[in-house]
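Opened the notebook for a quick look at helix packing and cysteines. Here is what I pulled up.

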Amino acid sequence: MGDAKTALEYHLRALAIWQELQGEKHIDTALALDNVSGSYRSLGDMQLALEFAAKAFSVREEVLGLLHPDTASSLTQLGNIHGKAGGFDEALAYHRRALAIVDQLFGRRNIPRSFVVKNIGTVHFDRGHVGEALRNFEEALEIRRELFGDAHPETVVSVIDCAWSLCHLGRVHAGHQMTEDWLRKTAHGTPQHSRLKETQRDLQRKFPRPGFRQPPRSR
């Protein structure tokens with residue numbers, strides 16, 4: 001908590017400097033506003049996090065226009081904060097606006113879309129709509145496999161999202177099998193391999209597979 005408060009103090013000082021140097025309507029000021037928003041989010045103050053994120057979006061919309069990747073990122077930031085605060089409907093509305101922008105800018109097979117679709121899936125998962133979440137996670141995985149490859153860290157993140165969703169939907173064998181398949185594709189000693197192994201252990205504890213011995217609990 002102390003580190004987060006210190007970070008907030010520095011971000012507020014940086015914001016004041018950018019506002020003085022560049023004015024209120026500048027992309028550097030927008031970035032500083034985002035940093036302040038992130039600090040408030042880390043401290044759990046979602047109201048102020050939203051306030052500063054909304055200011056950053058307003059600056060980017062005015063300076064860069066609505067059809068710009070950074071403006072879409074601001075909408076994503078707002079969606080993430082609303083989702084964290086439990087405002088699922090608001091979160092989905094912001095993420096869908098971001099999705100419309102990246103689709104118009106880049107088409108439907110692009111990396112930014114994979115991140116926005118993942119965010120939409122996370123909102124659905126957090127509100128308990130796991131079937132809908134899985135569809136979003138699978139789309140993100142498909143895009144990342146095509147554009148990043150199977151061993152990329154972001155592809156592995158999508159694999160883990162899908163595996164958890166499958167298990168929550170009662171498709172326990174499929175969820176475990178997915179992590180095992182990707183473990184075979186991922187080089188030992190990489191962060192991706194370690195993360196998949198950790199996920200495999202967590203899944204077995206929460207959703208044990210019939211006929212498989214549960215790993216011992218850590219003491």
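My entries below cover one helix pair first and the cysteines after that.

**Entry 1: the helix pair.** Worth keeping in mind that I'm working from a predicted model. I looked up helix 7, residues 130-147, against helix 8, residues 153-168. Their axes come within 9 Å and cross at roughly 155°. Anything over 145 degrees counts as roughly antiparallel, so I've put helix 7 and helix 8 down as roughly antiparallel to each other. For the handedness, I noted that helix 7 passes helix 8 in a left-handed crossing.

**Entry 2: who touches whom.** On the helix 7 side, I listed V130, L134, F137, E138, A140, L141, R144 and R145 as making the contact. Helix 8 answers with E154, T155, V157, S158, V159, D161, C162, S165, L166 and H168. Sorting the contact by class gave me 9 nonpolar, 4 polar and 5 charged residues.

**Entry 3: cysteines.** C162 had turned up in the helix contact, and I wanted its bonding state. How many disulfides does the structure hold? I got 0. Why is C162 unpaired? Its closest cysteine sulfur is in C167, and at 11 Å that is too far for a bond; a disulfide would need the sulfurs within 2.5 Å. Checked from the other end, C167 is in no disulfide either, with the sulfur of C162 as its nearest at 11 Å.

**Entry 4: buried or exposed?** C162 comes out at 1% relative accessibility, so I logged it as buried. C167 sits at 2%, so it counts as buried too.

Notes: Residues numbered from 1 in each chain as written. Predicted model: local features only at pLDDT ≥ 70, side-chain atom pairs only at ≥ 80, totals over all residues. Heavy atoms only, no water. Axes fitted to C-alpha atoms, helices over the stretch in contact; angles between N-to-C directions. Helix = DSSP H or I, 4+ residues; strand = E, 2+ residues; numbered from the N terminus. Parallel < 35°, antiparallel > 145°, perpendicular 65-115°, else oblique. Left-handed = near helix turned anticlockwise from the far one by under 90°. Contact = heavy atoms within 4.5 Å. Nonpolar A, V, L, I, M, F, W, Y, C, P; charged D, E, K, R; others polar. Buried < 20%, exposed > 50% of the residue type's maximum accessible area, 1.4 Å probe, protein only.
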